[in-house]
Amino acid sequence: MNIGIIGTGYVGLVTGAVLSEIGHVVTCLDINEEKIDTLKKGQSPIYEPGLDEILVRNIEANRLFFTTSTQEAFAHADIIFIAVGTPQGEDGAADLSYIQQAAKDIAINVDHNVIVVVKSTVPVGTNDIVEEIIHANMTDDFQIHVVSNPEFLREGHAINDTFHGDRIVIGAENAFARDKVESIFKPLNIPIMHTNRRSAEMIKYASNAFLAVKISYINQISNLCYALGADVNAVADGMGMDHRIGRAFLNAGLGYGGSCFPKDTEALAYLARENDVKLSIVESAIYANDEQRHIFAQKVINHFKGKILGKKIAILGLAFKPNTDDMREAPSIMIIKELVARGAVISVYDPVVKKTSFLDDIEVSYATTKEECVSGSDAILLVTEWKEFIEANWTELMTFSNNGVVFDGRNILKF
Ligand code: UGA
């Protein structure tokens, strides 16, 4: 099938790559020319294991194209995916301006019948709005159906998640459009769930918020474990053995970050407030997540009895989680800011993030190795659980520091 994709962020790019890999002809559209030029060369602008190989293979096979031209992207498309960003607005609501623009672009430029699939994470009811915008701006009487198909991939595991996802959710109001979208994904052999558009939109938010609640829950339990001398990892293992609970997303640490959970929990809480519905569990998860970073920074400050001025603190890990270079809502940012505000001298090292604009207004020195980072430090903070840190020889690493104090923000070190 011929597929157009609007937006080459994580979701759009990985979806495009995987759909071309299973035989579809895919044209990805983005307004950023530099990004499109890089992609045409088979180079991914994001760090995502396995993605480059798939890009190169399918570009060479003439199944995957990149363009900044709307006409080119839509010319032969049977299906157009919208995979643009829905950033968080001032009040916590999702900003839908990119989605609305994409809907207008489709209406104005498409000259044949087409199915529009909304992949971006959008508030309940947005697919209806997309359909309204398209129908209001259409240049001729084409049949254009809108289908919701939320994405469940994780950064850092995006390729594997797309090939081996737990489910594909298709929310449609029209059987022809539903079946056509289902046929695209058939080769993936993943269970497909049919529902209406509003339920599909809600499945995405409710899933992300549930996982966020699970993380905040285990984080608060971990604080209690710390106070009472229990081991949160053992507690999580024991809880996880109950199949009704499950062990996944029970890793206590510095709280969730990234471009999804923080934004989606806020957007869901906003939706609830707008509709006069209490969603205090999600509100509490957001609050607990924010607290978790302060609690960690405070532990470090308390270790120095409040006298942290001039102390050299080594930060191992900047990215919000391993296997990504994404710094959005990374716990490292808030922790570093809090320590710098108290006068600490910060040295950072991350295997992938070599420098970040998120710390532009903060004085930090970027080390090129973990050894250089911890050299002469008064405390080492493990902030992102990269394999390089988990597998490091910590006895040796600690000899580079002044006194070998380690704060394990991810509860992962075994010593
Ligand atoms: C998340 C969801 O897991 C995906 O299913 C979803 O498609 C995606 O959001 C999205 O909406 O686009 P992602 O943000 O890439 O994916 O990363 P996760 O691996 O889910 O981790 C999210 C955060 O939770 C990270 O900060 C991670 O460190 C934290 N986390 C995760 C924990 O603190 N503990 C855990 O046990 C698991």
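**Close-up views of the ligand and the spaces in the protein**

**View 1. A polar backbone atom of Phe-152 lies 2.7 Å from an oxygen atom of the ligand.** This is a predicted model, in which local features need pLDDT of at least 70 and side-chain atom pairs pLDDT 80 or more, while totals for chains, interfaces and linings use all residues. Residues are numbered from 1 along each chain as its sequence is written, and side-chain values use heavy atoms, without hydrogens and water. Look next for Gly-257, where a polar backbone atom is 2.8 Å from a ligand oxygen atom. Glu-151 also joins this view: a backbone N or O atom of Glu-151 sits 3.4 Å from an oxygen atom of the ligand. (Polar contacts here pair N or O atoms within 3.5 Å.) Of the 710 Å² of accessible area that the ligand has on its own, the protein covers 91% (Shrake-Rupley method, 1.4 Å probe).

**View 2. A shell of 19 residues surrounds the ligand.** Phe-152, Leu-153, Glu-155, Lys-204 and Asn-208 come nearest (near: a heavy atom within 4 Å). Sorted by class, the shell holds 9 nonpolar, 3 polar (Gly counts here) and 7 charged residues. Helix 9 (197-228) and helix 11 (261-274) are the elements that give two or more residues to this shell (helices: DSSP runs of H or I, at least four residues). Helix 9 gives the most, with 3 residues.

**View 3. The ligand lies between two domains.** Why is it placed there? Domain 1 (2-195) and domain 2 (204-287) both give residues to the shell around the ligand, so the ligand lies between them. (The bounds come from an automatic or database assignment.)

**View 4. The second largest pocket holds about 1,200 Å³ of space.** Of its 42 lining residues, Gly-9, Ala-83, Val-84, Gly-85 and Thr-86 are the closest to its centre. (On a 1 Å grid, a pocket is open, with protein on both sides within 12 Å along at least five of seven lines; a lining residue has an atom within 4 Å of a point.) Helix 1 (10-21), helix 5 (97-109), helix 9 and helix 11 each supply at least two residues of the lining. The most come from helix 5, which gives 4 residues. By class, the lining has 16 nonpolar, 14 polar and 12 charged residues.

**View 5. The whole structure has 1 cavity of 30 Å³ or more.** The largest cavity has a volume of about 50 Å³ (a 1.4 Å probe fits in a cavity but cannot get out; volume is the space filled by probe spheres). Among the residues lining this cavity are Val-118, Lys-119, Asn-127, Pro-150, Glu-201 and Lys-204. The lining divides into 3 nonpolar, 4 polar and 3 charged residues.

Notes
A polar contact is a pair of N or O atoms within 3.5 Å; within protein, one must be able to donate a hydrogen and the other to accept it, and residues adjacent in sequence count only if both atoms are side-chain atoms.
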